[in-house]
Amino acid sequence: MTRERVGGRRFAFGLLALCILALAVRVSYVALAKSGPCPIVRNGTVVATYHSECTGEYPDRPNDQAWYNFMANQIAVGNGFTNPLAPHEAWADHPPLAALVLSSASFVFDHAPFSALADEAVFTNGSKVKTHVREQRYLMAIVGTLNVALIGLLARRIGGDSAGLLAAGFAALYPNLWVNDGLLFAETIAITCVLLVALAALRCGAKSGLRAFVVLGGAIGAAALARSELILFLPLLLVPLAIAARGRIRTMVLRIGVGALTTIVVLAPWFAYNHGRFDKTVLLSTNDGLALAGSNCDPVYYGSAIGLWTTEGSCSFSPSELARLGDQSRVSAAYRSKAVDYIEHHKRRLPVVVAARLGRTWSTYAVGQMVDYNQGENREPLVSWLGLVAYYPLMLAAAIGVVLLWRYRERRSLWVLLVPMISVTAVTVLTYGQTRFRATAEPSIVVLASLAVVWAVDAVRRRRVNASN
């Protein structure tokens with residue numbers, strides 16, 4: 001048996017062991033921290049009880065997790081992306097991929113023999129509704145474990161077996177990764193897509209054919225269907241890689257063209273689906289307007305909440321105003337107009353606000369306040385603090401990793417790892433600061449940190465060998 005084959009088997013067994021550890025951590029987190037029960041309150045009265053933890057800090061104030069849960073359940077029964085309550089209007093608050101993935105759990109537990117195990121909401125009148133919150137969270141734990149494997153493969157591709165196993169070990173235990181896997185946001189699915197994009201991007205070298213750029217374009221399209229801002233990977237990643245691969249100008253243009261076309265093909269079904277449902281054009285979601293309006297208004301431009309997002313006061317429309325505006329596409333357009341108008345009248349304040357947004361996302365400003373803020377998304381304070389304890393040394397090591405990749409002329413690998421950080425920064429500048437937004441950049445931090453640690457260990461070993469000689 002060759003040395004390479006033995007090394008490959010050792011890596012495979014090591015990665016498998018770390019994935020088992022990762023799954024144990026994630027399943028334990030869901031089982032212990034998300035067990036519930038949770039009262040559902042309407043107008044101060046308990047009307048039902050979830051078996052699992054609520055999808056929000058307060059039972060009567062659900063967050064985006066409720067949307068993903070509702071949509072997954074709607075898709076599973078064949079109702080598509082529509083409001084589960086009358087009048088069942090079209091919904092496209094977020095891109096579809098996360099809800100589609102979660103719908104598989106809803107579908108399985110809607111049917112025998114697993115339906116007897118489905119998570120339910122029990123109403124005070126005795127009726128029951130299958131919510132599937134618990135089984136969707138366990139599905140996220142499985143996807144999060146897959147992400148650990150992909151992080152290990154990505155680090156191995158750049159730095160070898162040791163870096164791959166170390167990165168997978170970091171990812172298995174890093175709270176800022178596994179906390180997402182106990183929630184019903186899109187982050188876990190988006191991380192999967194980002195890692196697939198990164199692996200595809202590393203194959204787009206000078207000797208690679210057009211097929212590599214087709215795969216990369218498809219992966220970028222899938223990523224945009226998980227989180228809208230990941231469409232930025234098209235100009236930030238595909239275009240530079242197509243140019244860096246060199247060759248004739250015609251070849252470069254062809255690479256960009258086939259990659260972009262594949263992205264469009266992946267996005268086309270969602271666009272076409274929405275084209276027939278809304279009055280105005282919806283590219284990826286109808287949430288951009290509300291995100292902009294809620295991050296550009298007085299409460300988040302002045303005072304202690306600077307750089308955050310809110311729907312309080314003038315930051316949103318009243319129910320009667322929303323009813324007059326029409327469907328979600330019109331509401332989103334009105335919110336965008338509202339945000340642009342506010343920015344025009346507060347330009348001088350914008351640099352300070354943007355700085356606060358970046359500080360919140362990258363945990364350099366109002367750290368304690370963000371821990372409290374994140375409770376509204378079911379992130380326990382202890383988990384948030386543990387995440388910060390791990391985050392700062394990993395970021396320091398990642399900075400060293402950046403220097404090392406630059407020094408050893410691994411510029412393409414470095415750019416692939418930096419692009420997720422750039423996209424996170426861009427969406428923060430344009431909207432608001434939130435720790436969760438950093439999720440798609442966390443794998444890059446872990447991989448860069450692992451490269452730095454492996455380099456440091458190798459350097460110490462070399463010194464010891466030289467000293468002994």
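Student: What makes the contact between the side chains of arginine 227 and glutamate 229 a salt bridge?

Tutor: In this predicted model, the side chains of arginine 227 and glutamate 229 meet at 2.6 Å, N to O, and because the cut-off for such a nitrogen-oxygen pair is 4 Å, the contact is called a salt bridge.

Student: How do you know whether arginine 227 is buried or exposed?

Tutor: Arginine 227 has a relative accessible area of 14%, and since buried means under 20%, arginine 227 is buried. Its partner, glutamate 229, also counts as buried, at 14% relative accessibility.

Student: Which side chain does arginine 436 meet in a salt bridge, and at what distance?

Tutor: Arginine 436 meets the side chain of glutamate 377, at 2.9 Å from N to O, which is a salt bridge because the limit is 4 Å. This pair links distant parts of the chain, with arginine 436 in the loop between H18 and H19 and glutamate 377 in the loop between helix H16 (367-374) and H17, 59 residues apart. Both arginine 436 and glutamate 377 are buried. Salt bridges that share partners also join Glu187, Arg227, Glu229, Glu377, Arg379 and Arg436 into one network, and a search of the whole structure finds 12 salt bridges.

Student: What makes arginine 436 a charge that lies over the face of a ring, and which ring is it?

Tutor: The ring is that of phenylalanine 185, and arginine 436 lies over its face at 4.2 Å from the ring centre, where the distance limit is 6 Å. Arginine 438 likewise lies over the face of tyrosine 391, at 3.8 Å from the ring centre. The side chain of arginine 438 also meets that of glutamate 442 in a salt bridge of 2.9 Å, N to O, and both of these residues are buried.

Student: How many aromatic pairs does a search of the whole structure find?

Tutor: The search finds 13 aromatic pairs. In one of them, the rings of phenylalanine 81 and tryptophan 270 have their centres 4.9 Å apart and their planes at 70°; because planes over 60 degrees apart count as edge-to-face, that is the name given to the pair.

Student: Where do phenylalanine 81 and tryptophan 270 lie?

Tutor: Phenylalanine 81 lies in the loop between helix H2 (64-76) and helix H3 (97-108), whereas tryptophan 270 lies in helix H10 (residues 249-275), so the pair ties together parts that are 189 residues apart in sequence. Phenylalanine 81 counts as buried at 6% relative accessibility, and tryptophan 270 counts as buried at 7%. Ring pairs link both of them with Trp67, Tyr68 and Tyr273 into a cluster.

Student: Why is the pair of phenylalanine 109 and phenylalanine 114 called tilted?

Tutor: The planes of these two rings are at 55°, with centres 5.6 Å apart; as stacked requires under 30 degrees and edge-to-face over 60, the pair is tilted. Phenylalanine 114 has 40% relative accessibility, and because this value falls between the limits of 20% and 50%, phenylalanine 114 counts as partly exposed.

Student: How does the reach of helix H18 compare with what is expected?

Tutor: Helix H18 (residues 411-430) has 20 residues and reaches 28 Å from its first C-alpha to its last, close to the 28 Å expected. A kink of about 30° nevertheless lies at leucine 418, shortly before proline 420. The buried residues of H18, among them Leu417, Val419 and Pro420, pack against several helices, including H4 (133-159), H17 (381-407) and H19 (442-468).

How values were computed. Residues numbered from 1 in each chain as written. Predicted model: local features only at pLDDT ≥ 70, side-chain atom pairs only at ≥ 80, totals over all residues. Heavy atoms only, no water. Helix = DSSP H or I, 4+ residues; strand = E, 2+ residues; numbered from the N terminus. Expected span 1.5 Å × (residues − 1). Bend = angle between axes of the 7 residues up to and from the residue. Buried < 20%, exposed > 50% of the residue type's maximum accessible area, 1.4 Å probe, protein only. Contact = heavy atoms within 4.5 Å. Phe/Tyr/Trp six-rings, centres within 6.5 Å; stacked < 30°, edge-to-face > 60°. Lys NZ or Arg CZ within 6 Å of the ring centre and 35° of its normal.
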